Amino acid sequence: MSNPKPTMVDVAKAAGVGVATVDRVINGRAPVSRKTRERVYLAAADLGLVIKESIKKNDSHGRQPSVGSAAALKRIAIVLQSHNPPFYASVTHALTAAAKAHQAVADEVAIVQIDGMRPEEVADTLLAFGEQGVDAIAVVAADHPIVSQAVAQLAAKGVRTYALMSDLTAPERAGYVGLDNRKVGRTAGWAMAHLSRRVGKVATLMGDHRLLCQEYSEIGFRSYFRENFVDYQIIGPVPNLEGSESAYSVTCQLLEEHADLVGLYINSGGVDGVVRALRERARDRQLVTICHEVTDATRSALIDGVIQMVVAHPLEQMARTLIETLLEDSPGNARQWVLPFSILTAENL
């Protein structure tokens, strides 16, 4: 007795995909990524199901390939940092949603988190993606010669690298998607000066001077006071190493050493440690505290009055802009996509 002809259910099980996906591949009902199509083809071949060569040569709608069709699908990679888990979890969520909305033209979107404070690891990760044949890469990284060298090597292979949220000075970088961080810092300075109830010392906390987003915002913050409120004394920038415990210790030390401290500006990670120190030791100090990005810690601190203002990236807009940029990537002059930033207080959460 001969074996029954394999069904789409059999192929779906063998390929590890849904029956609907197999149907789209075989009957060309909707776009399917190249990687998934190949899995279906292999599973069908193993089961003895013959798929016409005319279907394999055409895209998933049965038409000849065109720009934006399945045959023109791109592989992209996004390298994020791991030092601020709550924030980068939100970034990853936004990027994943944006990538899903563009799955018809995205063969693969790889999103990884690494220790962005180590340029060697960033460079190794970028070059590894280059070896895997990605078409374009976005990265959040410190501006370091090792990273610049990796960007140059990728450019020589035709892989274009975009700076995300923190710009890079590598001449070969393909573009930047993020905020005008100097303007962010000046806005934080304006708010600090106008919210403070008295003149005194203002401390700035940073994570890494080589992260240009932090360097530029700190420069902007300081320049605003230098131009408009010279009676304030700016302390720092004080390194907090982007960690909760280190930021907690630094903040406790600042509160102990400077009785006339009137404000804190944190343009890096570790904000939950700062908030913990302020809750424990500065409830009656009437400090003005301004930080970056919305997380559970900053949201609750805004509501409690421990933090007065948060400057934040428009994550959904940023994610859409980045994914579209990577998928539409083409040779040309480096471009910038400067996004508007959000200002949040307890009143507009």
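Buried residues make up 52% of the 349 residues in this protein, and the model you are looking at is a predicted one. Its secondary structure comes to 13 helices and twelve strands. Among the contacts with a separation of 6 or more, 72% join residues that sit 24 or more positions apart. Let's look at the empty spaces inside, and then at one helix.

**The largest cavity**

- Rolling a probe the size of a water molecule over the atoms shows where empty space is left.
- In this model the count comes to two cavities of 30 Å³ or more.
- The largest cavity has a volume of about 270 Å³.
- It is lined by 22 residues, and those closest to its centre are Phe 87, Cys 213, Asn 267, His 292 and Glu 293.
- Helix 5 (85-101), helix 8 (181-195) and helix 9 (212-228) are the elements that each give two or more residues to this lining.
- Sorted by character, the lining of the largest cavity has nine nonpolar, eleven polar and two charged residues.

**The second largest cavity**

- The second largest cavity has a volume of about 30 Å³.
- You can find it by looking for the residues that line it: Arg 75, Ile 76, Glu 108, Ala 110, Phe 129, Gln 132 and Val 134.
- Here strands do the sharing: strand 1 (74-81) and strand 2 (106-114) are the elements that give two or more residues to the lining.
- This lining divides into four nonpolar residues, one polar residue and two charged residues.

**Helix 6, a helix with two sides**

- Helix 6 covers residues 119-131, which makes 13 residues.
- From its first C-alpha to its last, helix 6 reaches 18 Å, close to the 18 Å expected at 1.5 Å a residue.
- Which residues of helix 6 are buried? They are Pro 119, Val 122, Ala 123, Thr 125, Leu 126, Phe 129 and Gly 130.
- If you look down the axis of helix 6, these buried residues fall within an arc of 165°, so they line one face of the helix.
- The face turned away from that buried side carries the exposed residues Asp 124 and Glu 131.
- Phe 129 links two of our topics, as it is one of the buried residues of helix 6 and also lines the second largest cavity.
- Just after helix 6 comes Gly 133, which takes a positive phi of about 85°.

Technical notes
Residues are numbered from 1 along each chain as its sequence is written. This is a predicted model: local features need pLDDT of at least 70, side-chain atom pairs count only at pLDDT 80 or more; totals for chains, interfaces and linings use all residues. Side-chain values use heavy atoms; hydrogens and water are left out. On a 1 Å grid over the protein atoms alone, a cavity is a set of points where a 1.4 Å probe fits but cannot get out, and a pocket is an open set with protein on both sides within 12 Å along at least five of seven lines; lining residues have an atom within 4 Å of a point. Grid points are joined across faces, edges and corners, and a volume is the space filled by probe spheres set on the points. Helices (H or I, at least four residues) and strands (E, at least two) are DSSP runs, numbered from the N terminus. Ala, Val, Leu, Ile, Met, Phe, Trp, Tyr, Cys and Pro count as nonpolar, Asp, Glu, Lys and Arg as charged, and the others, Gly among them, as polar. The expected span of a helix is 1.5 Å times one less than its number of residues. Buried means under 20% relative accessible area, exposed over 50%, partly exposed in between (1.4 Å probe, protein chains only). The arc is that of the directions from the helix axis to the C-beta atoms. Contact means heavy atoms within 4.5 Å.
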